[in-house]
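Thanks, everyone. Please have the sequence and the model on screen while I go through a few local features.

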Amino acid sequence: MARQNTVFKEAYNRYAAALRQDAALPSEPEIAAQLGISRSTTRAILTRLNDEGIIQWNKRQKIVLRVPTEEDLFPSEETDSLHDIIERSFMQRILSDDAAPGMQINELELAREIGTGTTSVREFLIRFSRFGLIEKRPNSHWILKGFTREFALELADVREMFELHSAAEFGRLPIESEAWTALADIKAEHHAMLNDFAARFKEFSALDERFHLLIHGAAKNRFIADFYDAIAIIFHYHYQWNKAFARQRNERAIHEHLDYIAALESRDQAAIDFSCRLHLRSARQTLLQSLPQNLAEVAAS
């Protein structure tokens, strides 16, 4: 197994950080189930732990010799969460050039491609399926129903209802709330990105996701939080679907964000409502314009 695999690195860090000296480790299947990864990835983790002198692995016996140090772990920039890895692989698959309504998605194949367990993949797909983009079929198969214009419009409608409420609640947060500090940090990141925009404009989608998740958190509504955590995937990735005019679109969006942030900081509810509506209207247009060519053709047919 390639050591550059991010699933391996993320799972290795999680498992190594939980080790306790002199502890006896369970079997490979038990470790794989605990981490939500494949057995091949589990063996790669145990092999590295053994090679680094962190455990002693003698057939079925695995004893922790020492507690790992920070130097034993992979740096954070080389790791992603398992959820992020599954999300990225799944979205890349359904947004590929040959993706079309009716395309089959197999849990086992996707898990094997990522290097993780089928349980983690299945949980992600079940959660994502609530939005009607994919549908469960027998024998661990899923069917892509197609990202149509109608789907995009319905998604934007619900997002706008929730965000208008969340933005209003954000403006009412007490001055001592940590959300204001987080907003100031995000504002600074927007300015830093603008100062080197030619080199960094492709990083905007991740910053966009963080900004909107922060706003939705102000609602303290479990249904809004659950909804947005899932549909943010689509709004995060739509910036990558159509590369034409990406720089111009992202630059316009980042200026709209700064106006939106200024309105939030003013605590003026009318200004917040205006800037929120303006940005969401622009985001709706961008989402529709960013539909991949093959999906746009399906939507028009």
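I'll start with one residue pair: Trp 57 has Lys 62, in strand 2, as its bridge partner. This is a predicted model, in which local features need pLDDT of at least 70 and side-chain atom pairs count only at pLDDT 80 or more, while totals for chains, interfaces and linings use all residues. Residues are numbered from 1 along each chain as its sequence is written, and side-chain values use heavy atoms, with hydrogens and water left out.

Back to that pair. Strand 1, residues 55–58, and strand 2 are antiparallel partners joined by 4 bridges. Two strands are said to pair if DSSP finds at least two bridges between them. The strands themselves are DSSP runs of E with at least two residues, helices are runs of H or I with at least four, and both are numbered from the N terminus. Another position in this pairing is Gln 56, which stands opposite Ile 63 in strand 2.

Which residues of strand 2 are on its covered face? Lys 62 and Val 64 are, whereas Gln 61 and Ile 63 make up the uncovered face.

The hairpin has 2 residues between its strands, and Lys 59 lies in that loop. Lys 59 is not a glycine, yet its phi is positive, at about 60°. Is Lys 59 buried or exposed? It counts as exposed because its relative accessibility is 75%. Here buried means under 20% relative accessible area, exposed means over 50%, and partly exposed is in between, using a 1.4 Å probe and protein chains only.

Next, the sheet. Three strands form an open sheet in the order 3-5-4, with antiparallel pairing. Its edge strands are strand 3 (104–106) and strand 4 (134–137), each of which pairs on one side only. From one strand to the next, the twist averages 30°. Strand 4 pairs with strand 5, residues 141–144, in the antiparallel sense through 4 bridges. Within that pairing, Ile 134 faces Leu 144 of strand 5.

What lies across these strands? Helix 5, residues 107–114, lies across strand 3, strand 4 and strand 5, and runs at about 60° to strand 3. For such angles, axes are lines fitted to C-alpha atoms, for helices over the stretch in contact, and the values run from 0 to 180 degrees between N-to-C directions. Contact means heavy atoms within 4.5 Å.

Two residues of this sheet deserve a closer look. Asn 106 is in strand 3, and it counts as buried because its relative accessibility is 12%. Its side chain reaches the backbone nitrogen of Leu 108 at 2.8 Å. The Asn 106 side chain also makes a polar contact with the side chain of His 141, at 3.3 Å. A polar contact is a pair of N or O atoms within 3.5 Å; within protein, one must be able to donate a hydrogen and the other to accept it, and residues adjacent in sequence count only if both atoms are side-chain atoms. Leaving out residues up to four places away in sequence, Asn 106 touches Arg 93, Asn 139, Ser 140 and His 141.

The second is Lys 136, in strand 4. Lys 136 is partly exposed, since its relative accessible area is 40%. With residues up to four places away in sequence left out, Lys 136 touches Glu 107, His 141 and Trp 142. Lys 136 and Leu 125 are 11 residues apart in sequence, and their C-alpha atoms are 8.7 Å apart.

Now helix 12. It covers residues 246–266, 21 in total, and spans 30 Å from its first C-alpha to its last, close to the expected 30 Å. That expectation is 1.5 Å times one less than the number of residues. Buried residues of helix 12 include Arg 249, Glu 256, His 257 and Tyr 260, along with Ala 253 and Leu 264.

What follows just after helix 12? Arg 267 does, with a positive phi of about 65°, although Arg 267 is not a glycine. Arg 267 sits in the loop between helix 12 and helix 13 (269–289). It counts as partly exposed because its relative accessibility is 31%.

Finally, the whole protein. It has 14 helices and 5 strands, and 47% of its 301 residues are buried. Of the contacts between residues at least 6 apart in sequence, 70% join residues at least 24 apart.
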